[in-house]
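Here's a quick walk through one chain and its packing. Have a look at the model first, then read on.

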Amino acid sequence: MTSIRVLSVGTDGSRESLDAADWAAREALRRGLPLRLVHAESGQRLAPLPPDVDLPRRTVLDRTALHLSYTHPSLEFLARRSPRPPAAALLDAATDSEALVLGSRGFTGYTGFLVGSVSLAVTARAPRPVVLVRAGALPQDEHTPEGAFRPVVVGLDVTAPADEILSYAFEAAALRAAPLHAVHAWALPPLRADTLGDTLPGGDAARRETLRRLALSGALQAWRAKYPEVAVTERLLYGQPGHHLLKASTGASLTVIGRRADSTHLGCTAHSVVHHSTSPVAVVPHT
């Protein structure tokens with residue numbers, strides 16, 4: 001059986017899922033892919049029509065496709081209606097998708113963006129990239145006042161760089177003709193209680209920084225050659241990765257981070273970025 005390359009988006013008829021579907025439609029057009037709308041009907045009850053009304057009932061999938069067709073008339077749509085619970089239905093869809101797009105519930109101020117339990121469970125388990133789009137996201141948010149795309153930001157661990165993350169980030173930047181900002185944050189290991197009176201050897205911090213900088217450049221070298229049209233900025237920063245990625249995401253069109261494919265939990269950095277980033281976040285599983 002020949003597989004069809006698609007981009008999928010979860011939809012339940014809510015405002016946040018429509019905003020995610022709008023983002024997914026634009027991304028599908030950029031990638032030249034059909035957009036598959038995924039809806040889980042498990043446990044859903046439809047209100048009955050009045051007995052004297054003989055009209056076709058519009059489903060969530062119908063309404064979403066109609067909404068998107070007005071703004072993206074050239075986009076090809078597919079639909080998948082699943083009787084399974086939402087998390088299971090979305091994980092099924094992610095398995096044979098280039099990526100799966102999900103919506104958040106908007107910004108709460110103190111806690112950041114409300115990413116529901118279903119979205120978190122799917123993001124932590126999906127075998128393919130999952131993109132989380134905040135409610136209220138607009139097309140113009142991705143662009144500078146001059147009309148160019150804002151940078152794509154990618155967070156990297158240079159001690160274990162993953163080709164899956166870099167592949168997704170460079171392709172996303174190339175599709176947008178956007179610059180790529182590669183961010184690596186590092187810190188010196190904490191001193192143990194029995195070494196508090198000691199001092200670091202002279203130049204040790206500088207040496208570690210130099211090694212990290214060389215590792216960052218080395219991780220990017222092959223991908224720079226593969227995507228020569230992408231302007232890359234290397235950003236080596238001292239401190240916590242989550243803090244620096246959130247600062248970088250403020251001016252980004254997309255933030256790309258990774259997670260271990262052999263784990264079913266998001267790490268601290270990924271969890272922070274998912275909940276607080278103001279840009280869409282692509283979470284890419286890697287080995």
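Leaving aside neighbours within four places in sequence, which residues is Val101 in contact with?

## Around Val101

Those residues are Leu7, Ser8, Val9, Gly10, Ala20, Trp23, Ala24, Val131 and Val133, with contact meaning heavy atoms within 4.5 Å.

Bear in mind that this is a predicted model, where local features need pLDDT of at least 70 and side-chain atom pairs count only at pLDDT 80 or more, while totals for chains, interfaces and linings use all residues. Numbering runs from 1 along each chain as its sequence is written, and side-chain values use heavy atoms, leaving out hydrogens and water.

## The cores

Val101 also turns up in the largest nonpolar core, which has 45 residues; along with Leu35, Phe170, Leu254 and Val256, it touches the most other members. (A nonpolar core is a set of buried Ala, Val, Leu, Ile, Met, Phe, Trp, Tyr and Cys residues joined through side-chain atoms within 4.5 Å; buried means under 20% relative accessible area, exposed over 50%, partly exposed in between, with a 1.4 Å probe and protein chains only.) Helix 5 (residues 163–176) chips in seven residues, the largest share. Domain 1 (7–42 + 59–137) and domain 2 (141–191 + 203–285) both supply residues, so this core lies between them; the bounds come from an automatic or database domain assignment.

Apart from that one, there's another core of 24 residues, including Ala94, Leu132, Ala248 and Ala252.

## An odd alanine

Ala177 isn't a glycine, yet its phi is positive, at about 50 degrees. You'll find Ala177 in the loop between helix 5 and strand 7 (180–186). Its relative accessibility is 72%, so Ala177 counts as exposed.

## The whole chain

Overall there are eight helices and 10 strands, taken as DSSP runs numbered from the N terminus (helices H or I, at least four residues; strands E, at least two). Of the chain's 287 residues, 45% count as buried.
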